[in-house]
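I opened this entry to keep a record of what I looked up, topic by topic, with the sequence and the model side by side.

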Amino acid sequence: MPQLPSKDATKGLALAEPEVVEIETDALLIGGGMGCTGAAVEAVRWGDKYDVKVLLVDKAALERSGAVAPGLSAINTYLGKNDPDDYVRMVRTDLMHVVREDLIFDLGRHVDNSVHLFEEWGLPIWVSKDGKNLDGAKAKSEGLQIREGADVVRSGRWQCMINGESYKVIVAEAAKNALGEDRYMERIFVVKLLLDANEPNRVAGAVGFSVRENKVFVFKAKGMLVACGGAVNVFRPRSTGEGMGRAWYPVWNAGSTYTMCAQAGAEMTMMENRFVPARFKDGYGPVGAWFLLFKAKATNFKGEDYTQTNKSMLKPYEDRNYVAGPVVPTCLRNHMMLREMREGRGPIYMDTATALQTSFKELSKNEQKHLEAEAWEDFLDMAPGQANLWAAMNIKPEETGSEIMPTEPYLLGSHSGCCGIWVSGPDEEWVPDDYKIKADNGKVYNRMTTVNGLFTCADGVGASGHKFSSGSHAEGRMAAKQLIRWCVDHKDYKPALKESSEDLKKLVYGPWYVFEENKHESTDPNVNPAYITPRNYMMRLVKHTDEYGGGCATLYTTNAAMLKVAFHLLDMLEEDAAKLGARDLHELLRCWEQFHRLWTVRLHLQHINFRKESRYPGFYYRADYMGLDDAKWKCFANSKYDPESGKTTFFKRPYWQIIPDPMAP
């Protein structure tokens, strides 16, 4: 009988002394999600015109890389007949009135073009005809297209329904077709950005390694765009043990965007912000379509709609105009739910049964069956684990409700969150000068960071959430066009790196050298006095942040004293990062992911410590500074790391309202 491998067996390819490969290009795109696939299309379009070499490098494979990897059942940002001004107002309301309105408006006026491209590339988009909803397949069969005037099926004012299991595959195919086979590299994990040896505050390259063979890659570039997603597993997830890989946001997002750009000296903004989505318990299935399309209600265990019974909790925010009509900020909806849980009126349920039965009353038997299928497909498109969980627990959504609960915190800048990097807005008269970053040549490059030649988009751009998939793609295209412009303006620049290829190799493969030197110190590879495994390292990290940084353990509550303990523990973890050990390429990847997570979540907690208020109740609470303090803190909380001194400074930047409040009726 064959012997099954131990659960402690290595999972990746064996490590060995790596080959160093040096590659020089003009425009380097790092990442493979919606932002960088959008950037690829636009970079090639303009780069080929101006003889700019383009190269995309992705840790995974483009077809299933990024947050859209499992698919989606809706595109959450499509303006259609909506006004970009109203889009800004919606985002401003949801993110508690501290946002970059220039970036949001700029995105709003461009995002629909990306959605029309998705349709052109083959994405099935639902349309409405004669009062009936036609799913994407039916709409395609009848030749109905939204770019030619067909009405989309809305699950909310800004959403449009799609058949989206292959959403990312379709978008990635377009990027690969634009790039051609010689201009993208998959399975290469870029772990550090490199500054120019001769010019201060200028990015000149990056270093990474293959996760399929023993090669270290040193890239040199005139400019680059970094968009590697947000951060997951920086707090202890609700699903632990073998279920730890189940999360709402993709588990491979390790904060690489934030860590690499911050370490290069890029100014960061609103890193105190986090997103804590309410999702179906344990399966992390999305609730948006149930609320918006099926009109389901969330109730406490008594069957009460707690958003109504707790409506008085909104008054302090309504008095500040932070609640705009039916638009209640996502964090405040959590705020009301958490009160139910604290005061013993949980669990909280999504009343799927009433929603479906109410919808069934107006439908024929065939239409009922189709609607029920769509309710299941909502999960099968993007969270198949939720459908599996329902089946395993004998739950029929048309007969009984399901429990919902706030998840662990995530850090991101494209969903209902706005942490990230401070970038320049468009160089237009209506944009405040405070929002424009002047480069070394005196020009303004939209979506460039404070580091010359370094651009970002999607989850990387701070203070402007609600981009979602379509907005991330559109913002990638916007940033890529400016990146090509940068490369054209600096065509004579020759990047020079401070570090030697040999030193970079030793840095990247450091965890393997640690393991090789100390592997004989113990008989158990997971327990060794001289090194720590990446899994054990992450267990320590998420325990510290959960208990002291406002995770699930404290119902998202922290204070200055708890944060002080967190910083002490995280500083010790940084010391231990030098002792991370990797047995194989898989663990080498995990080691670098944990280091990126540490840097990102520590910066997150440092920003919470800096901002002396609870700007996002329901996402986190400063128990020592409850409530809002608009007089002092209606502003951006920013930070900047100095690569030379190793110190991080924290400071405020002013918020400017660009789009006026709506006229009173």
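Cysteines. I took a disulfide to be a pair of cysteine sulfur atoms within 2.5 Å, and I worked throughout on a predicted model. With that cut-off, my search of the whole structure returned 0 disulfides. I then asked why Cys418 has no bond to the closest cysteine sulfur. The sulfur of Cys418 lies 7.3 Å from that of Cys419, which is too far for a bond. Cys418 also counts as buried, because its relative accessibility is 0%. For Cys552, which is in no disulfide either, the nearest cysteine sulfur belongs to Cys331 and is 17 Å away. I noted Cys552 as buried too, because its relative accessibility is 15% and the cut-off for buried is under 20%.

Nonpolar cores. Next I looked up the largest nonpolar core, which has 149 residues, and found that Leu193, Phe209 and Trp290 touch the most other members. Helix H20 (residues 585-610) gives this core its largest share, 12 residues. I followed Trp290 further and, leaving aside its neighbours within four places in sequence, listed its contacts, among them Phe280, Met350, Leu356, Phe379, Trp390 and Pro397. The contacts of Trp290 also include Lys295, Thr352 and Asp378. There is a second, separate core of 30 residues, and Leu56, Tyr184, Ala227 and Met448 are included in it.

Strand E3 and its partners. Leu56 led me to strand E3 (residues 54-57), where I asked which residues cover each face. Val54 and Leu56 lie on one side and Leu55 and Val57 on the other, and all four are buried, so that both faces of E3 are covered. In a regular strand the side chains alternate between the two faces of the sheet. I then traced the pairing: strand E2 (residues 27-30) runs parallel to E3 over 4 bridges, with Ile30 having Val57 as its bridge partner in E3. Between E2 and E3 the chain passes through helix H1 (residues 34-47), and I recorded this β-α-β crossover as right-handed. E3 also pairs in the parallel sense with strand E9 (residues 184-185), over 2 bridges, and there Leu56 stands opposite Tyr184.

Helices H1 and H19. I checked the span of H1 and found its end C-alpha atoms 19 Å apart, which agrees with the 20 Å that its 14 residues should span at 1.5 Å a residue. Since 13 of the 14 residues of H1 are buried, I described H1 as largely enclosed by the rest of the structure. Helix H19 (residues 560-577) has 18 residues and reaches 25 Å from its first C-alpha to its last, close to the expected 26 Å. Its buried residues include Leu563, Ala566, Phe567, Leu570 and Asp576. I then asked what the buried residues of H19 pack against, and the list is helix H18 (534-548), strand E21 (557-558), H20 and strand E22 (621-622).

An open sheet. Finally I looked up a sheet of 4 strands, which is open, has the order E19-E14-E23-E24 and is paired in the antiparallel sense. Strand E19 (420-421) and strand E24 (648-654) stand at the edges with a single partner strand each, so one side of each is left without a neighbour in the sheet. Strand E14 (residues 268-269) and strand E23 (residues 635-641) run antiparallel and are joined by 2 bridges, and I noted Asn638 as the bridge partner of Thr269 in E23.

Key. Residues are numbered from 1 along each chain as its sequence is written. This is a predicted model: local features need pLDDT of at least 70, side-chain atom pairs count only at pLDDT 80 or more; totals for chains, interfaces and linings use all residues. Side-chain values use heavy atoms; hydrogens and water are left out. A nonpolar core is a set of buried Ala, Val, Leu, Ile, Met, Phe, Trp, Tyr and Cys residues joined through side-chain atoms within 4.5 Å. Buried means under 20% relative accessible area, exposed over 50%, partly exposed in between (1.4 Å probe, protein chains only). Contact means heavy atoms within 4.5 Å. Two strands pair if DSSP finds at least two bridges between them. A crossover is right-handed if, with the strands pointing away from the viewer, the path from the first strand over the helix to the second runs clockwise. The expected span of a helix is 1.5 Å times one less than its number of residues.
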